Amino acid sequence: MASGPVSDIYLAPSVRTAVKLLVVGHFAVGKTTFVGTLSEIPPLRTEERMTQAGALVDDLAGVHGKDTTTVALDFGRLTLSKSLVLYLFGAPGQQRFTPLWRDMAYGALGALVLTDTRRLEQSFAVMDLLEEHGLPYAVAVNRFDGAPEFAEEELREALDLLPDTPLVSCDARDTGSATRALVTLVEYLSARVEDPTELEPA
Amino acid sequence: MSGARRLKGLVRPYVVTDGRSHPSRNTFDLVTLVSAMPDRPLAGLSPERRRIVELCLLGALSVAEVAGHLHLPVSVTKVLLGDLVDSGHILTRAAVPRAAQPDSQLLREVLDGLRARL
Ligand SMILES: Nc1nc2c(ncn2[C@@H]2O[C@H](COP(=O)(O)OP(=O)(O)O)[C@@H](O)[C@H]2O)c(=O)[nH]1
Ligand SMILES: [Mg+2]
């Protein structure tokens, strides 16, 4: 829904603090769906043009056509209290070390990795990327129709998860289910901060 | 049909930002909150800068939302917002300081806010 009173798009005047979480995963894993399910505003999208090498295209002179690719970022917003707003950014994981990823990762509290049991190996790249950026994450398995079912231990092993990395199952189309996945992620983030023995050395 | 796709591809970043690729000050995060100062003259602003000010006159938004609503790349939006801060048209609300670790109080508030939605 794009219409409605124009004031609907703005933050409450009492909001003072904005935080962000990333929702990441391979193509068609449900990132856009997840962000759209939870967002209080119609989800927005921004696009950046990059060269294939990953440099941001700031100056179009001499950089055209097949050398450039467009990276889209979907995002949405949840006002959590009078003073606090949470932004969710959904992005693919192919673009390593790009300015867009730096922008997304900068100051992010953590990430939720969406996976699909039909192609678990396609989640490796994005988990590597998060680890390189030092971003803590939880993993949510979206249940697609016809996707194979695995026991939790099998999934952990296939995804090569650390013992304390949360693993949940989730339906990105369902508000309650998507919210619970985020709760699990933030519980984990809180526990890491409150118990510093869980933190890896900087 | 609304103007959702109207402007896509028409804005050439290097024109909009006078050829600069980085903001005059590197103070913007994707979730830095911005709003416009009322009563600032808009005369003399380029069309894109004017659109940003007009959008932000009605309330606060994040940098990412400004980019999304105006169909501008984030990189371009940051440059333009930097100019508008310098000219006194735009105010930023301090973004979350980049601490080595987010503080537990903040995470607790996020958690409480999410649980309250269940
Ligand atoms: N069964 C099931 N389908 C989903 C789920 N999440 C997304 N989908 C569907 O998967 C397709 C791709 O989702 P999309 O959000 O566009 O993926 P993205 O490329 O990661 O943004 C869409 O048709 C969704 O309706 C889920 O949790 N369960
Ligand atoms: Mg998508």
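**The interface, the ligand site and two loops**

A good place to enter this predicted model is a salt bridge that joins its two chains: the side chains of A:R77 and B:E65 meet with a nitrogen-to-oxygen distance of 2.7 Å. In total, 5 salt bridges are counted between chain B and chain A. The interface also holds 9 residue pairs in polar contact, with both partners at pLDDT 80 or more. On the side of chain B that touches chain A, the elements giving two or more residues are α1 (13-16), β2 (61-62), α3 (63-70), α4 (74-86) and α5 (104-115) of chain B. Of these, α5(B) supplies the largest share, with 10 residues. Sorted by character, the residues on this side of chain B comprise 24 nonpolar, 9 polar and 12 charged.

The contact as a whole draws on 51 residues from chain A and 45 residues from chain B. About 4300 Å² is buried between the two chains, and carbon and sulfur atoms give 67% of that area.

Turning to chain A itself, its secondary structure consists of 5 helices and 7 strands. Read from the N terminus, these elements follow the order β-α-β-β-β-α-β-α-β-α-β-α. Chain A has 202 residues, and 52% of them count as buried. Sequence separation is also informative here: of the contacts in chain A between residues at least 6 apart in sequence, 71% join residues at least 24 apart.

Chain A also provides residues around ligand 1. There are 15 residues around this ligand, and those that come nearest are A:A28, A:K31, A:T32, A:T33 and A:A172. Individual polar atoms can be picked out as well. The side chain of A:T32 places an N or O atom 2.7 Å from an oxygen atom of ligand 1, while A:G30 has a backbone N or O atom 3.0 Å from an oxygen atom of the ligand. A nitrogen atom of ligand 1, in turn, lies 3.1 Å from a polar side-chain atom of A:R173.

The loop between α4 (152-159) and β7 (167-170) of chain A deserves a visit, with A:L161 as one of its residues. A:L161 counts as buried because its relative accessibility is 12%, below the 20% cut-off. Beyond its neighbours within four places in sequence, A:L161 is in contact with A:M127, A:V139, A:R156 and A:L167. For A:V139, which is 22 residues away along the chain, the C-alpha atom is separated from that of A:L161 by 8.9 Å.

A:D160 is found in this loop between α4 and β7 of chain A too. With 65% relative accessibility, A:D160 counts as exposed, because the cut-off for that class is over 50%. The backbone of A:D160 is also worth a look, as its phi is positive, at about 55 degrees, although the residue is not a glycine. Most residues other than glycine have a negative phi.

Chain B offers a further example of a positive phi. B:D39, again not a glycine, has a phi of about 70 degrees. This residue is found in the loop between β1 (33-36) and α2 (47-56) of chain B. B:D39 counts as exposed because its relative accessibility is 78%.

Notes
Residues are numbered from 1 along each chain as its sequence is written. Chains are lettered from A and ligands numbered from 1 in the order in which they are written. Side-chain values use heavy atoms; hydrogens and water are left out. Contact means heavy atoms within 4.5 Å. Buried area is the accessible area (1.4 Å probe) that two parts lose on being put together, summed over both. A salt bridge is a side-chain nitrogen of Lys or Arg within 4 Å of a carboxyl oxygen of Asp or Glu. A polar contact is a pair of N or O atoms within 3.5 Å; within protein, one must be able to donate a hydrogen and the other to accept it, and residues adjacent in sequence count only if both atoms are side-chain atoms. Helices (H or I, at least four residues) and strands (E, at least two) are DSSP runs, numbered from the N terminus. Ala, Val, Leu, Ile, Met, Phe, Trp, Tyr, Cys and Pro count as nonpolar, Asp, Glu, Lys and Arg as charged, and the others, Gly among them, as polar. Buried means under 20% relative accessible area, exposed over 50%, partly exposed in between (1.4 Å probe, protein chains only). A residue is near a molecule or strand if one of its heavy atoms lies within 4 Å of it.
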